[in-house]
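Here is a friendly walk through one structure, feature by feature. Keep the viewer open as you read.

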Amino acid sequence: MKILAIETATPASSVALGSGGTLEAMSVRVDRRGHVGFLMPAIDFCFEQTGWNQHDIDAVAVDVGPGPFTGIRAGIATAQAFAAGVGAPVIAVSSLTVQALRAATGRRRIWSVVDMRRGQVAVAPYRPLPGGVAPDGSAEVLGAEEFRAVLDTDEADTLVVGDWQALPEAMWGGLHRVRRGRPRYPSADVMLEIAAIRAAHGDYVAAEDLRPDYMREPDVQINWKTFRSEGLWP
Amino acid sequence: MTAPLILGIETSCDETGVAVLEGFNVRSFVLASQTEEHARFGGVVPEVAARAHVEAIRPLVHQALASAGVHPDQLDAVAATRGPGLIGALMVGYAFAKSLAWTLGKPLYGIDHMEGHLYAPRLEFEEYRPPAIVLLASGGHSQIIHVREWGDYETLGTTIDDAAGEAFDKLARFLGLGYPGGPVIDAESEHGDPKAVAFPRALRDRPFDFSFSGLKTSVITYLEKAKVDGTLPPRADVAASIQEAIVDVLVEKTFNAVEETGVNAVGGGGGVLANRRLRSRLREEADRRGVDLFIPSIEMCTDNGAMVAAVAVDRLSNGAPPDDWGADVDPSMRLGS
Ligand SMILES: [Zn+2]
């Protein structure tokens with residue numbers, strides 16, 4: 001089972017090729033913009049390193065977020081076209097889960113955090129299992145104070161991973177059961193592990209259902225003066 | 001050499017357009033318009049546009065290939081708009097096109113959206129060829145371009161403030177007519193008197209440039225005063241007078257350019273070219289001067305995938321180098337630079 005994984009949910013973009021969940025080649029770049037410029041050369045590089053052909057790919061895994069939207073759409077469009085071009089199925093992976101799985105080494109409960117900008121983060125709790133993690137609640141988009149309130153009521157020893165540096169330092173004061181750790185960003189090599197399990201279960205997403213997990217309504221700002229004609233003509 | 005098969009993708013603004021061309025023959029033409037999604041905001045919202053593109057792109061590409069009866073492996077090239085436009089919207093189409101081209105082992109051509117508009121009449125008129133003056137007017141652009149040769153363009157005039165379509169949108173909102181402004185003002189004007197109110201025609205001293213913000217101010221000032229004075233004319237008259245002011249300027253400047261360059265052909269593109277008054281005034285003026293007019297059908301004037309593929313037909317035939325796999329979109333791309 002050969003898998004191409006595409007990760008563009010955060011400023012760290014990465015592409016990986018793996019077989020049976022084992023990493024064979026990977027390319028990474030940290031850059032807020034430029035996902036479109038990065039992706040194809042990175043994919044090209046990974047195929048060159050492995051000597052594989054695009055038609056060898058059995059499934060394409062893509063991170064559907066949450067995360068800042070623009071990059072995710074570039075990743076999804078790239079994954080969709082690749083999958084359509086070779087006739088492979090697509091696996092949708094959550095950025096929060098990718099980070100949690102990378103961090104799962106101890107017994108602490110994990111809060112995975114992705115910066116959504118404008119003072120908000122997407123967060124989700126995970127419980128460690130032997131060799132993995134399991135979701136332990138639903139994902140939410142919260143401000144710093146709201147997330148602090150959630151952590152205050154959490155009884156467990158907790159590890160916060162992801163881009164917690166996006167949150168104000170002051171919010172962490174006095175949280176004695178909370179430790180902060182890595183990774184800061186999700187990455188494509190971890191996606192391969194998730195994708196291999198999903199593929200084994202035939203857990204694919206229909207092409208028409210593949211879209212970003214936005215978790216937030218679109219920003220709508222019309223800067224025009226709101227002209228109104230009410231009262232002009234009866 | 002047989003005519004190349006080219007897939008064209010356009011996602012620069014609020015239409016997802018995909019088409020398959022065989023040379024300059026349109027084999028398939030599909031479009032997902034987002035007009036209704038943006039109508040409630042009274043204008044194109046970039047994030048809303050990008051969300052709609054990412055949902056529409058794959059099914060539309062599939063549909064375009066299927067209705068053309070073309071297997072992806074048969075394509076000779078993939079083309080997509082690289083700019084100008086909304087960055088998030090451009091990224092969806094360009095990333096999709098790039099990945100598809102790479103996976104199929106075909107060349108990718110990133111196309112300037114404006115050059116696409118310049119090529120669109122070629123898909124409907126065999127006689128359309130340079131040298132020509134082309135009026136491009138939409139919600140995002142207003143330009144007069146001298147097409148000296150395919151690939152050799154000179155921008156003679158441009159808007160110094162609002163695009164023509166933007167002026168229609170804003171004034172339609174002010175008149176309470178809804179969105180998009182061009183079509184609703186066109187419809188409202190049908191029974192109105194275009195001479196009812198003499199709104200100003202701006203930039204008379206600059207032969208090829210446009211300005212529409214003065215018109216906007218003057219309409220608002222006029223209406224507010226007329227309301228106080230109790231001399232408010234019927235809305236249809238105001239709409240027709242606004243439309244006449246915009247159309248007058250577009251027609252006058254286009255033919256100023258014809259006179260200046262001495263060319264014998266006029267083309268057009270962009271959503272504003274769907275306006276019936278503009279189309280008929282261009283026709284009258286072209287006939288009066290004995291100039292050939294090449295304004296394509298409305299669906300070919302508005303943004304679409306066929307015009308993007310059309311540019312790539314020439315690129316491929318001329319042996320132009322395809323885009324680098326590391327190329328990115330260019331939201332502020334400028335024709336000829
Ligand atoms: Zn356009």
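The sections below go from the metal site to the interface, the salt bridges, the strands and some backbone details.

## The zinc site

This is a predicted model, so please read every value below as computed from its atoms. Four protein residues of chain B serve as donors to the zinc ion: His113(B), His117(B) and His141(B), each through NE2, and Asp303(B) through OD. Their distances from the zinc ion run from 2.1 to 2.7 Å. If you like to think in sequence patterns, the spacing of the donor residues is H-x3-H-x23-H-x161-D. Within that set, His141(B) and Asp303(B) link distant parts of the chain, being 162 residues apart. His141(B) sits in the loop between strand 6 (132-137) and strand 7 (142-149) of chain B, while Asp303(B) sits in the loop between helix 10 (298-301) and helix 11 (305-317) of chain B. Both His141(B) and Asp303(B) are buried.

What geometry does the site of the zinc ion have? The site is irregular, with angles of 86 to 164° among its 4 donor atoms. The tetrahedral class asks for all angles between 85 and 135 degrees, and the upper end of the range at this site is 164°.

## Where the chains meet

On the interface, 42 residues of chain A are in contact with 42 residues of chain B. Together the chains bury about 3,900 Å² between them, and carbon and sulfur atoms give 70% of that area. There are 2 salt bridges between chain A and chain B. Glu47(B) and Arg73(A) join their side chains in a salt bridge, with an N to O distance of 3.0 Å.

## Salt bridges within the chains

Over all chains, a search of the whole structure finds 34 salt bridges. In chain A, Asp152(A) pairs with Arg148(A), the closest N and O atoms being 3.1 Å apart. Both residues belong to helix 4 (residues 144-153) of chain A and are 4 residues apart, about one turn of the helix. Asp152(A) is partly exposed, at a relative accessible area of 46%.

Asp163(A) and Arg184(A) form another salt bridge, at 2.8 Å from N to O. Asp163(A) is in the loop between strand 10 (158-162) and strand 11 (178-180) of chain A, and Arg184(A) is in the loop between strand 11 and helix 5 (188-200), so this pair ties together parts that are 21 residues apart in sequence. Asp163(A) counts as buried at 7% relative accessibility, whereas Arg184(A) counts as partly exposed at 35%.

In chain B, the side chains of Glu244(B) and Arg281(B) meet in a salt bridge at 3.1 Å, N to O. Glu244(B) comes from helix 8 (residues 235-261) and Arg281(B) from helix 9 (residues 276-289) of chain B, so the contact ties together parts that are 37 residues apart in sequence. Are these two buried or exposed? Glu244(B) is buried at 10% relative accessibility, and Arg281(B) is buried at 15%. Both take part in a network of salt bridges that also links Arg201(B), Asp248(B) and Arg277(B).

## Strands and their partners

Strand 4 (residues 59-63) of chain A is mostly covered, with 5 of its 5 residues buried. Ala59(A), Ala61(A) and Asp63(A) point one way from this strand, and Val60(A) and Val62(A) point the other way. Strand 4 of chain A pairs in the parallel sense with strand 1 (residues 2-7) over 4 bridges, and Ile6(A) has Val62(A) as its bridge partner. Strand 4 of chain A also pairs in the parallel sense with strand 5 (residues 90-93), again over 4 bridges, where Asp63(A) is matched with Val93(A).

Chain B offers an antiparallel case: strand 2 (residues 15-22) and strand 3 (residues 25-33) pair over 8 bridges. Thr16(B) stands opposite Ala32(B) there. The two strands form a hairpin with 2 residues between them, and Gly23(B) in the turn has a positive phi of about 60°.

## Backbone details

Chain B has a cis peptide bond from Gly83(B) to Pro84(B), with omega near -10°, and a cis bond from Tyr179(B) to Pro180(B), with omega near -5°. Pro84(B) is placed in the loop between strand 4 (77-83) and helix 3 (87-104) of chain B, and Pro180(B) in the loop between helix 5 (164-174) and helix 6 (181-189) of chain B.

In chain A, Arg117(A) has a positive phi near 65°, and Arg118(A) has a positive phi near 55°. Arg117(A) lies in strand 6 (residues 109-117) of chain A and is partly exposed at 31%. Arg118(A) lies in the loop between strand 6 and strand 7 (120-129) of chain A and is exposed at 57%.

How values were computed. Residues are numbered from 1 along each chain as its sequence is written. Chains are lettered from A and ligands numbered from 1 in the order in which they are written. This is a predicted model: local features need pLDDT of at least 70, side-chain atom pairs count only at pLDDT 80 or more; totals for chains, interfaces and linings use all residues. Side-chain values use heavy atoms; hydrogens and water are left out. Two strands pair if DSSP finds at least two bridges between them. Donors are N, O and S atoms within 2.8 Å of the metal (3.2 Å for Na, K and Ca); water is not among the atoms, so sites may look incomplete. Four donors count as tetrahedral if all angles lie between 85 and 135 degrees; four count as square planar and six as octahedral if opposite donors are over 155 degrees apart and all others between 65 and 115; anything else is irregular. Buried means under 20% relative accessible area, exposed over 50%, partly exposed in between (1.4 Å probe, protein chains only). Contact means heavy atoms within 4.5 Å. Buried area is the accessible area (1.4 Å probe) that two parts lose on being put together, summed over both. A salt bridge is a side-chain nitrogen of Lys or Arg within 4 Å of a carboxyl oxygen of Asp or Glu.
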